[in-house]
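Open your viewer and get ready to pick out residues by number. We will take this one stop at a time.

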Amino acid sequence: MSSAVKHASVHAKWIIGRVIGTKMYKTAKVRVTRLVLDPYLLKYYNKRKTYFAHDALRQCTVGDIVLLKALPEARSKHVKHELSEIVYKVGQVVDPLTGKRVAGTEFVEPLTDLPVSLEEDTTLSEKLQELNISAAASGSDTPPAQTPTS
């Protein structure tokens, strides 16, 4: 009974981290930071570890947040993971309210085709009339009765 069973020496199966280098051919250098508790000071510190991941399509760039998957056996001496997914691509930030691309605090795309009008000259009562809400009904505890406008 000399059946040798190979087990992966990698403990974590899925790892998320930031790409810090892509100069090697089809390989990405990924830094993973974890919070580790100091038992004496009872304070958390960042513990960093660097992994080399196989990037077959050479699709990630420096700064991307990527998800790594552990390989069943190592591809080389250092490469023990493969790139599973790019979670966040660097430089492609989208504003959640408008859906437009943002660079810093400025919008890359113009804000001309927004559905909500941002005009300052409309008053609160005009906005309430658009929504068929009367100011007197909003102060009571009962829900406002909507009248048909046809």
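Here is a short walk through the strands, the core and a spot on the surface. Keep in mind that this is a predicted model.

**Stop 1: the barrel.** Switch to a cartoon view and look for five strands that close into a barrel. Follow them in the order β1-β2-β3-β5-β4, where the pairing is mixed. On average, neighbouring strands of this sheet are turned by 50° against each other, with direction ignored.

**Stop 2: one strand pair.** Now select residues 65-70, which are strand β4, and residues 79-88, which are strand β5. How many bridges join β4 to β5? There are six, and the two strands run antiparallel. For one partnership to look at, show L68 and find its bridge partner in β5, L83.

**Stop 3: the core.** Keep L68 and L83 on screen, as both belong to the largest nonpolar core. Add I15, V19, A28, V30, V32, Y51, A53, C60 and V66 to complete its eleven residues. Colour by element next: β1 (14-21), β2, β3 (43-54) and β4 each give two or more residues to this core. Which strand provides the largest share? That is β2, with three residues.

**Stop 4: out to the surface.** Stay with β2, residues 27-38, and select L35, which lies in this strand. Is L35 buried or exposed? L35 counts as exposed because its relative accessibility is 60%, and the cut-off for exposed is over 50%. Finally, add L37, L42 and Y44: with L35 they form a nonpolar patch on the surface, and together the four have about 470 Å² of accessible area.

Note on methods
Residues are numbered from 1 along each chain as its sequence is written. This is a predicted model: local features need pLDDT of at least 70, side-chain atom pairs count only at pLDDT 80 or more; totals for chains, interfaces and linings use all residues. Side-chain values use heavy atoms; hydrogens and water are left out. Two strands pair if DSSP finds at least two bridges between them. Helices (H or I, at least four residues) and strands (E, at least two) are DSSP runs, numbered from the N terminus. Axes are lines fitted to C-alpha atoms, for helices over the stretch in contact, and angles run from 0 to 180 degrees between N-to-C directions. Patches are made of residues with over 30% relative accessible area and no salt bridge: like charges are joined within 9 Å, nonpolar side chains (Val, Leu, Ile, Met, Phe, Trp, Tyr) within 5 Å. Accessible areas come from the Shrake-Rupley method with a 1.4 Å probe; for residues, only the protein chains shown count as cover. A salt bridge is a side-chain nitrogen of Lys or Arg within 4 Å of a carboxyl oxygen of Asp or Glu. Buried means under 20% relative accessible area, exposed over 50%, partly exposed in between (1.4 Å probe, protein chains only). A nonpolar core is a set of buried Ala, Val, Leu, Ile, Met, Phe, Trp, Tyr and Cys residues joined through side-chain atoms within 4.5 Å.
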